[in-house]
Amino acid sequence: MNTPTLVAGSLWLVTLWRLPAIRHSHKQRSLALTFAALAAAMTFEVPAVKAAISDNAGVTSLTPLLKHLLGVTSAAFLLDFIVAVVRPQGLARRTRLAAIAATLPLMVLFYALANWMPGGPVRVGDGERAIYPVLYTAVFTLYIGIAMFVATWLFLSGVRHSRTLLGRAGLGLMGLGTLLGSLYALQRVGFVTLDLTTGVRYPTLEYQISTALKQLAILSIALGSCLPPLSVAVEYVRSWIMLRRLQPLWKRLTDAAPHVVLSTSVPKQRVGFRLERCVIEIEDACLALREYVSADVRERARALAFQKGVSEQEVDAVAEAAWLRVAASAARTGNQLEDVEYPPLGVTGRGRPSELAWLHAVSRAYVSSPVVTEFTRQEVALAPLPTGGPEKDSSHDN
């Protein structure tokens, strides 16, 4: 399989993947149409397609016109996409529409008027219409060059504002692709200028550079567009894993304080929302349960943790889990403490990643730490519950 066929096939796969997103938003629609136009343009570079068009159309150099028209169209949609991402308030919309509305008809007009050299590159023709191939090339190159330069600026400025590593990498790769697109336009200008001023041509070198820049630009843009959706998938998996890790703590705390559980059900597939709700209900349960113990309980738990050789990094989480288990047992009596200092919540004042890491550490200690089990047994023995018994798992589920 030759390279143009491979590139075109890959682009059609990306197009089919992106096609369902057309209805989601303006930016997703623009990106999907970008790849559809790119895939169609690269299809005209497939040898079998070029041969079929040349044999049946009866028009010299028709495939370059179709390919270039689709290339300009894809550049317009790509620019529209990055404007929607980085500048949702808009950026020179009327100017962009006027530019594409003028470029496409002019390309068709200059193509029709040109006296093309059969089998040659897009260059000066013969006779009185010799200027039209130059005008055609100038219009095409000018639009591609300016559009790709502006897109590069927008993509690279958007990297700073992306919230995820994969999102930044995706915008950076797409920015690299548009930069290569700018270089593609620049080298075309250079070779045409050299031809017109000196009459010197390097058709093989020009073809190699042009093809390499074009294919690398397309590959970079296609790969970059795949990374932001991948970051969504990664975040989904991370949220699902963290939700599983917090479930043991959530079940035990909400069993002791069932009133904190919201009655509204959440669909299983909304993992991010379920994790957020799980964290909120855990924190609400902690606030409710702290009224059943004093701050002294936490200090005794810390002392036992140090005595048992718990590492300094885990002492606070073990102490938190210990007083929560004691509070969960005490909550069964319904006797809240008054006029005492309640234990502080270790989750207070943390950022999102630190908050999740903290709750995970507390959950792990609550369920599996022998220090927490021993401390709870000691505290319950000092103040036996009227209606004792081991803690039960709640039947709730996030």
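I take a residue as buried when its relative accessible area is under 20%, as exposed when that area is over 50%, and as partly exposed in between. The model I am reading is a predicted one.

**Cysteines**

With that cut-off I looked up Cys278, whose relative accessibility is 0%, and so I entered Cys278 as buried. Cys226, at 25% relative accessibility, I therefore entered as partly exposed. I then searched the whole structure for disulfides and found zero. For Cys278 in particular I noted that the nearest cysteine sulfur belongs to Cys286 and lies 11 Å away, and that Cys278 is in no disulfide.

**Helix 8 and helix 9**

Cys278 and Cys286 both came up again when I listed the contact between helix 8 and helix 9, where they stand on the helix 9 side. I recorded helix 8 as residues 203-256 and helix 9 as residues 271-289, with axes 9 Å apart and an angle of about 30° between them. Since angles under 35 degrees count as roughly parallel, I described helix 8 as roughly parallel to helix 9. The crossing of helix 8 past helix 9 is left-handed. From helix 8 the contact takes in, among them, Tyr236, Trp240, Leu243, Arg244 and Trp250, while helix 9 contributes residues including Val271, Arg274, Leu275, Glu281 and Ile282. Sorting the residues of this contact by class, I wrote down 17 nonpolar, two polar and three charged.

**Helix 10 and helix 11**

I next turned to helix 10, residues 295-307, and helix 11, residues 312-330, whose axes come within 8 Å and cross at roughly 130°. I therefore noted the two, helix 10 and helix 11, as oblique to each other. Helix 10 passes helix 11 in a right-handed crossing. On the helix 10 side I listed Val297, Arg298, Ala301, Arg302, Ala305 and Phe306, and on the helix 11 side Val315, Asp316, Val318, Ala319, Ala322, Trp323 and Val326. By class, this contact of helix 10 with helix 11 has 10 nonpolar and three charged residues, and no polar ones.

**Pro64 and Ala92**

I located Pro64 within helix 4, residues 62-86, and entered Pro64 as partly exposed because its relative accessibility is 23%. Between the C-alpha atoms of Pro64 and Glu45, which are 19 residues apart along the chain, I read a separation of 8.6 Å.

Ala92 sits in the loop between helix 4 and helix 5 (93-113). I noted that phi of Ala92 is near 50°, a positive value in a residue other than glycine. With a relative accessible area of 44%, Ala92 is partly exposed.

Terms used. Residues numbered from 1 in each chain as written. Predicted model: local features only at pLDDT ≥ 70, side-chain atom pairs only at ≥ 80, totals over all residues. Heavy atoms only, no water. Axes fitted to C-alpha atoms, helices over the stretch in contact; angles between N-to-C directions. Helix = DSSP H or I, 4+ residues; strand = E, 2+ residues; numbered from the N terminus. Parallel < 35°, antiparallel > 145°, perpendicular 65-115°, else oblique. Left-handed = near helix turned anticlockwise from the far one by under 90°. Contact = heavy atoms within 4.5 Å. Nonpolar A, V, L, I, M, F, W, Y, C, P; charged D, E, K, R; others polar. Disulfide = S-S within 2.5 Å. Buried < 20%, exposed > 50% of the residue type's maximum accessible area, 1.4 Å probe, protein only.
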